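Here's a quick walk through one pocket and the helices around it. Have the viewer open and follow along.

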Amino acid sequence: MRVLVTISAICVLLIPIAAAQTTEVSAKPLTDAEIQLARSNVQADKNDIISHTMQFTQAESTAFWPVYSQYARDQKAIGDDRVQLIKDYAQNYDSMDEAKAKDMVQRMIAIDNKTGQLRESYWPKFEKAIGAKRAAKFYQVDNRLSMLVNLQLASEIPLIP
């Protein structure tokens, strides 16, 4: 439950960036430092949820967390691309033309593809660390957390006018 609050908080914090160019929004865009702090808090909450949900044995924990740390680092790089896309969307919201819309959709698709490729590339590492069944459970948890973030973002970012 705590992660839902934190994820909602980060999404609410990011949304003024996406909507800053509309006349209806008066919130100031977040600084990069504020975005980084919010993302760090979300990551800490994700770690707590994963730990609580997975209930790792000591051996699993020892094997899992180093792999997850690398995975989270690589997820962050993809997240950086997403944050930049949201910032660009906000900057171009009122003046969106065909070319910019096409560029943004292509970038969004690339972000989705990178996420899938990341999960695929880490599967053997997680499977080796904690076994296929436990790794599959982790992937379920990870996917649900990602869906929560995506749903919150989707509900807050305005559609192209």
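## A bend in H4

First, a term: the bend at a residue is the angle between two fitted axes, one through the seven residues ending there and one through the seven starting there. Keep in mind that this is a predicted model. With that in hand, look at Trp123 in H4, where there's a kink of about 40 degrees, shortly before the proline Pro124.

How far does H4 reach from its first C-alpha to its last? The answer is 47 Å for 33 residues, close to the 48 Å expected at 1.5 Å a residue. As for what's tucked away, the buried residues of H4 are Met104, Ile111, Leu118, Arg119, Tyr122, Phe126, Ala129 and Ile130.

## The second largest pocket

Now for the pocket: the second largest one comes in at a volume of about 560 Å³. It has 18 lining residues, and Leu85, Ile86, Tyr89, Met108 and Ile157 are the closest to its centre.

Which helices each supply at least two residues of this lining? They are H3 (58-92), H4 (98-130) and H5 (132-156). H4 gives the most, with 6 residues. Sorted by class, the lining of the second largest pocket holds 15 nonpolar residues, 1 polar and 2 charged.

## H5 and Gln152

H5 has 25 residues, which should span 36 Å at 1.5 Å a residue, and its end C-alpha atoms are indeed 36 Å apart. Its buried residues are Ala135, Phe138, Tyr139, Val141, Asp142, Leu145, Ser146, Gln152 and Leu153.

Gln152 deserves a closer look. Is this H5 residue buried or exposed? Its relative accessible area is 17%, and the cut-off for buried is under 20%, so Gln152 counts as buried. The side chain of Gln152 also makes a polar contact with the side chain of Glu156, at 3.1 Å. For background, an α-helix has 3.6 residues a turn, so residues three or four places apart point the same way.

## A loop residue with positive phi

One last stop is Gln55, which sits in the loop between H2 (32-54) and H3. Gln55 isn't a glycine, yet it has a positive phi of about 50 degrees. Why does Gln55 count as exposed? Its relative accessibility is 55%, and exposed means over 50%, so Gln55 makes the cut.

How values were computed:
Residues numbered from 1 in each chain as written. Predicted model: local features only at pLDDT ≥ 70, side-chain atom pairs only at ≥ 80, totals over all residues. Heavy atoms only, no water. 1 Å grid on protein atoms, 1.4 Å probe; cavity = no way out; pocket = protein on both sides within 12 Å on 5 of 7 lines; lining within 4 Å. Points joined across faces, edges and corners; volume = space filled by probe spheres on them. Helix = DSSP H or I, 4+ residues; strand = E, 2+ residues; numbered from the N terminus. Nonpolar A, V, L, I, M, F, W, Y, C, P; charged D, E, K, R; others polar. Buried < 20%, exposed > 50% of the residue type's maximum accessible area, 1.4 Å probe, protein only. Polar contact = N/O pair within 3.5 Å; in protein donor to acceptor, adjacent residues only side chain to side chain. Expected span 1.5 Å × (residues − 1).
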